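Student: I have a new structure to study. Can we work through it with short questions?
Tutor: Yes. Here it is.

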Amino acid sequence: MRTMTLHEVASLTLPIGIVCVGCLRRVLRTAEQIGAAEGDHRTLEQAGVRCGRCRAQRFDVFCFDTERSVRAFMKSEPS
Ligand SMILES: [Zn+2]
């Protein structure tokens, strides 16, 4: 399972993708939505990010280079 720090998220221009390990819900989150700031080295889990459906705090994180890859992520079926 991969995670990121708030510092890493803050440096991105595109949202990150989060897939809940519990219910496989996929969401996009911008740095602003997460409250990510440069210099904040807490992980997403430590910052209290959790699934909006099942409240699980275990998830895989994806980051993207292009808008196209963001759209592809949201279209993907849970594996
Ligand atoms: Zn969930």
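**Working through the model**

Tutor: Start with L24. With 15 C-beta neighbours inside 10 Å, L24 counts as partly exposed. Keep in mind that this is a predicted model.

Student: Where does L24 lie?
Tutor: β1 and β2 form a hairpin with five residues between them, and L24 is in the turn. Its place is therefore the loop between β1 and β2.

Student: What is the phi of L24?
Tutor: Most residues other than glycine have a negative phi. L24 is not a glycine, yet its phi is positive. The value is near 65 degrees.

Student: Which loop holds R55, and what is its phi?
Tutor: R55 is found in the loop between α2 (31–34) and β3. R55 is not a glycine, but its phi is positive. The value is about 70 degrees.

Student: Is R55 buried or exposed?
Tutor: Count the other C-beta atoms within 10 Å of R55: there are 10. A residue with 12 or fewer counts as exposed. So R55 is exposed.

Student: What is the order of elements along the chain?
Tutor: The protein chain has three helices and three strands. Read them from the N terminus on. The order is α-β-β-α-β-α.

Student: How do β1 and β2 pair?
Tutor: Strand β2 covers residues 26–29. Four bridges link β1 and β2. One pair of opposite residues is V19 and R26 in β2. The sense of the pairing is antiparallel.

Student: Which residue of β3 is the bridge partner of V19?
Tutor: β1 also joins β3, through four bridges. These two strands run antiparallel. In β3, the partner of V19 is D60.

Student: In what order do the strands form the sheet?
Tutor: The three strands form an open sheet with antiparallel pairing. The edge strands are β2 and β3, since each pairs on one side only. From one strand to the next, the twist averages 25 degrees. The order is β2-β1-β3.

Student: Which helix lies across the sheet strands, and at what angle to β2?
Tutor: The helix is α3, which lies across β1, β2 and β3. Its angle to β2 is about 150 degrees.

Student: Why is β1 largely enclosed by the rest of the structure?
Tutor: Strand β1 spans residues 16–20, five in total. It is largely enclosed because of the number of its residues that are buried: four of the five.

Student: Which element gives the largest share of the largest nonpolar core?
Tutor: In soluble globular proteins, nonpolar side chains tend to be buried together. Here the largest nonpolar core has 12 residues, including M4, V9, I16, I18 and C20. The elements giving two or more residues to this core are α1 (6–10), β1 and α2. The largest share, three residues, comes from β1.

Student: Which residues does I16 touch, leaving out those up to four places away in sequence?
Tutor: I16 is one of the residues of the largest nonpolar core, and so is M4. M4 is also among the residues that I16 touches. The full list is M4, V9, R29, V61, F62 and C63.

Student: How far is Q46 from I16?
Tutor: Q46 is found in the loop between α2 and β3. It has 13 other C-beta atoms within 10 Å, so Q46 is partly exposed. Q46 and I16 are 30 residues apart along the chain. Their C-alpha atoms are separated by 17 Å.

Student: What separates the C-alpha atoms of T66 and T30?
Tutor: T66 is found in the loop between β3 (59–62) and α3 (67–75). T66 is exposed, with 9 other C-beta atoms within 10 Å. Along the chain, T66 and T30 are 36 residues apart. Their C-alpha atoms are separated by 14 Å.

Student: What is the radius of gyration of the protein chain?
Tutor: With 79 residues, a compact globule would have a value near 12 Å. The C-alpha trace spans about 35 × 30 × 20 Å along its principal axes. The chain agrees with the globule value, because its radius of gyration is 12 Å.

Student: What percentage of the residues in the chain are buried?
Tutor: The protein chain has 79 residues. To count as buried, a residue needs 20 or more other C-beta atoms within 10 Å of its own. Buried residues make up 18%.

Methods: Residues numbered from 1 in each chain as written. Predicted model: local features only at pLDDT ≥ 70, side-chain atom pairs only at ≥ 80, totals over all residues. Rg over C-alpha atoms; globule rule 2.2 N^0.38 Å. Axes fitted to C-alpha atoms, helices over the stretch in contact; angles between N-to-C directions. Contact = placed C-beta atoms within 7 Å. Core = buried A, V, L, I, M, F, W, Y, C linked by C-beta atoms within 7 Å.
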